[in-house]
Amino acid sequence: MTEGQEASSEEVSESQIAVHWREEKYFFPPAKFIAQANAADPDIFEQFSEENFPECFRAYADLLSWDKYWHTTLDTSEAPFWKWFVGGKLNASYNCVDRHLATKGNKAAIIWVPEPESADPVAITYTELHRRVNEFAALLRDFCGVKTGDRVTLHMPMVPELPVAMLACARLGVIHSQVFGGFSGSACGGRIADSGSTILVTMDGYYRSGELIDHKVKADEAVEAARKEGAEVDKVLVWRRHAGEYASQTPMVEGRDFFVDEVLSDYRGQVVEPVSMPAEAPLFLMYTSGTTGRPKGCQHSTGGYMAYVTGTSKFYQDIHPDDTYWCMADIGWITGHSYIVYGPLSLGTTSVVYEGTPNYPDAGRPWRIAERLGVNIFHTSPTAIRMLRKVGPDEPKKYNYRFKHMTTVGEAIEPEVWRWYHEAVGKGEAVIVDTWWQTETGGFLGTTLPALGPMKPGSCGPMALGIYAVIYDEDGNVVEAGSGKAGNICIRNPWPGVFETVWGQPERFVDTYYKKYCKNPDSKDWHDWPYFAGDGAVQAADGYFRILGRVDDVINVAGHRLGTKELESSCLSVEEVAEAAAVPVVDDVRGRAVEMYISLKPGFEASKDIEAKITKAIETDIGKIARPKNIWIVPDMPKTRSGKIMRRVIASISNFTDVGDITTLANPEIVDGIRQQVRSTKEARGDAPRELTEEEKAEIKNFGTE
Ligand code: PRX
């Protein structure tokens with residue numbers, strides 16, 4: 001054991017912290033909602049009880065159209081690489097498009113809302129979607145030569161061409177890997193190399209906060225970054241935001257870059273047979289941050305994933321074919337994959353895709369969109385809710401829309417913010433589901449069933465149907481519901497939406513998610529392999545879970561996971577930087593923001609210029625979302641005697657909380673100076689953090705302790 005570990009084990013561990021919070025009162029779903037809900041019969045709990053596992057998930061799989069029905073619901077023979085619906089064959093694109101043509105061909109599959117308000121929304125019917133998906137699939141197959149099992153990287157903004165590209169890949173059995181459009185070219189390049197794709201699909205530009213942003217420039221950076229990692233991109237397919245006009249300053253590279261609209265003219269009217277894929281064939285990769293620098297390509301399956309997102313969209317989003325459903329997330333995140341594209345389209349509903357920022361040109365925009373399109377199901381994140389509440393608390397009442405159902409996802413929501421969402425946005429009549437889940441889990445884990453479970457602000461609720469959760473302490477003892485103690489939330493059983501592996505890193509898959517509480521590494525019995533989610537949680541006596549945040553070195557900024565190692569290695573690429581440490585600071589809009597602590601190599605002096613270089617490095621390597629709120633250049637980092645940077649000490653300084661015991665540090669004398677520097681600067685700027693809650697204090701106190 002290193003000294004660092006010794007020092008941290010003296011700390012109170014997460015599981016020993018008694019959590020104090022006021023029990024919130026329940027809110028009950030309105031009768032009108034219950035009367036029309038997809039899941040309104042409490043017998044459903046029995047149907048999904050543990051005795052009926054895994055066969056209970058047949059109900060989800062039966063919502064799909066299978067080319068060949070499966071013979072084994074759950075195969076555990078290669079635990080923990082679970083296989084669902086084995087023997088079954090299907091195509092995801094067929095399920096999201098073709099099967100609706102006969103009955104819903106003229107219905108809008110997607111309504112796309114461009115950011116400029118002067119442009120009208122564009123409705124794309126299922127028939128039109130079918131045409132576009134087929135033509136693009138033909139182009140991918142015949143122009144790019146991609147085959148079933150190949151990977152194609154997409155780096156697309158929020159335009160209908162993104163779901164078209166995803167569904168075209170799915171039609172061919174090609175694995176898509178969409179990288180969030182806001183990520184930098186370099187981050188995209190790293191993901192291209194990791195996935196081994198040779199085709200990049202991008203767009204010349206898109207609108208964000210009123211500006212037409214040059215996006216193609218990132219494709220050139222991505223190709224360069226991939227090349228540095230030994231991966232060659234053969235073709236870059238560039239969609240144009242405005243037909244026939246090029247929105248980018250960057251030249252097209254002869255022989256490599258192609259305008260999609262030009263090439264597509266050769267594929268007009270082509271129809272591509274959907275390739276019948278085995279249930280366990282990968283549908284897509286979605287990269288996410290972890291504790292080490294290399295991002296993890298979470299591999300999601302075709303059959304299990306499609307069954308899970310379709311089932312949960314039906315029961316938890318309460319989607320009926322006639323609803324107009326709007327999830328304001330970005331398709332570049334898992335929320336968008338599961339609950340803008342695959343789940344809603346599989347159910348044949350109308351899914352709204354909005355290009356821009358929620359408060360552009362003003363805080364009334366989302367509510368005008370909802371009013372105009374008749375949106376009745378709304379889905380967003382606490383960060384967006386906090387922001388809309390801050391900039392336009394009275395806006396929703398000016399617009400004549402009615403939501404029957406609303407979702408919050410991505411971070412814990414404060415009860416105060418929840419109540420505004422319920423009262424102001426939902427006009428007191430919408431049910432709310434607070435859905436806790438992860439990139440890795442494919443779909444919801446923790447949530448109430450909207451017609452059957454009362455809502456409790458700040459708690460996601462019990463687990464979704466067929467998900468059996470447990471909270472363990474560090475030693476694997478069960479932390480009982482109602483004990484007031486927090487611990488590590490785990491899921492005891494596999495479920496169809498769980499990712500299959502980390503692309504190219506199977507050991508990392510087992511180590512990160514299954515090793516911690518595995519009862520027997522040779523076991524083929526799922527009971528021995530609890531899934532470790534990496535979140536702290538506490539369970540109230542009524543069974544409701546409250547999620548307390550990450551227990552690993554991940555900072556959740558506005559619902560986006562940023563790995564401390566990724567941030568730090570980016571800073572270390574700046575010549576003057578000797579050491580870097582990233583810590584979270586509580587932020588009233590984004591939940592958490594990042595602050596960087598930096599020490600410089602000998603001979604360099606702190607300067608604005610170095611700070612600017614660091615910010616630039618982070619924006620280039622990761623993207624603007626990771627831009628630090630503050631950069632503190634300090635004479636030295638607080639360290640253990642073995643040289644480990646004590647992130648919890650600097651995290652406490654940033655948040656103005658107690659630094660705790662620092663006597664075990666190698667250099668305790670530096671702490672006061674750093675505190676002074678940070679405090680005086682923040683106070684002078686009027687940027688001192690508010691008083692933290694007990695749970696927030698516990699998170700900061702434990703940050704970076706292993
Ligand atoms: O810490 C939890 C938090 O977000 C993490 C997952 O992030 P990501 O993979 O980017 O997926 C976000 C969208 C599913 C979780 O480990 N988280 C997500 N939803 C909630 C949440 N924390 C509290 N309450 C939630 N509803």
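**Ligand pocket and nonpolar cores**

A polar side-chain atom of Asn556 sits 3.2 Å from an oxygen atom of the ligand in this predicted model. Two further residues make comparable pairings with ligand oxygen atoms. For Thr439, a polar side-chain atom is 2.6 Å from an oxygen atom of the ligand, while for Arg561 the distance from a side-chain N or O atom to a ligand oxygen is 2.7 Å. The protein wraps up most of the ligand's surface: of the 550 Å² that the ligand exposes when taken alone, 95% is buried by the protein. Strand S20 (431-435) and strand S25 (545-550) are the elements that give two or more residues to the shell around the ligand.

That shell holds 17 residues, and Asp434, Thr439, Asp535, Arg550 and Arg561 are the ones that come nearest to the ligand. As for its chemistry, the shell is a mix of five nonpolar, seven polar and five charged residues.

Turning to the nonpolar cores, the largest one has 117 residues, and Phe57, Leu129, Phe136, Leu237 and Tyr342 have the most contacts inside it. Helix H8 (residues 161-172) is the top contributor to this core, giving nine residues. Tyr342 shows how such a residue is surrounded: leaving aside residues up to four places away in sequence, Tyr342 touches Ala92, Cys96, Met166, Leu167, Ala170, His176, Leu283, Phe284, Tyr305, Met306, Val309 and His337. There is also a second, separate core, this one of 64 residues, with Cys188, Ile192, Phe259 and Val678 among them. In soluble globular proteins generally, nonpolar side chains tend to be buried together.

Note on methods:
Residues numbered from 1 in each chain as written. Predicted model: local features only at pLDDT ≥ 70, side-chain atom pairs only at ≥ 80, totals over all residues. Heavy atoms only, no water. Near = heavy atom within 4 Å. Polar contact = N/O pair within 3.5 Å; in protein donor to acceptor, adjacent residues only side chain to side chain. Areas by Shrake-Rupley, 256 points an atom, 1.4 Å probe, with all protein chains shown as cover. Helix = DSSP H or I, 4+ residues; strand = E, 2+ residues; numbered from the N terminus. Nonpolar A, V, L, I, M, F, W, Y, C, P; charged D, E, K, R; others polar. Core = buried A, V, L, I, M, F, W, Y, C linked by side-chain atoms within 4.5 Å. Buried < 20%, exposed > 50% of the residue type's maximum accessible area, 1.4 Å probe, protein only. Contact = heavy atoms within 4.5 Å.
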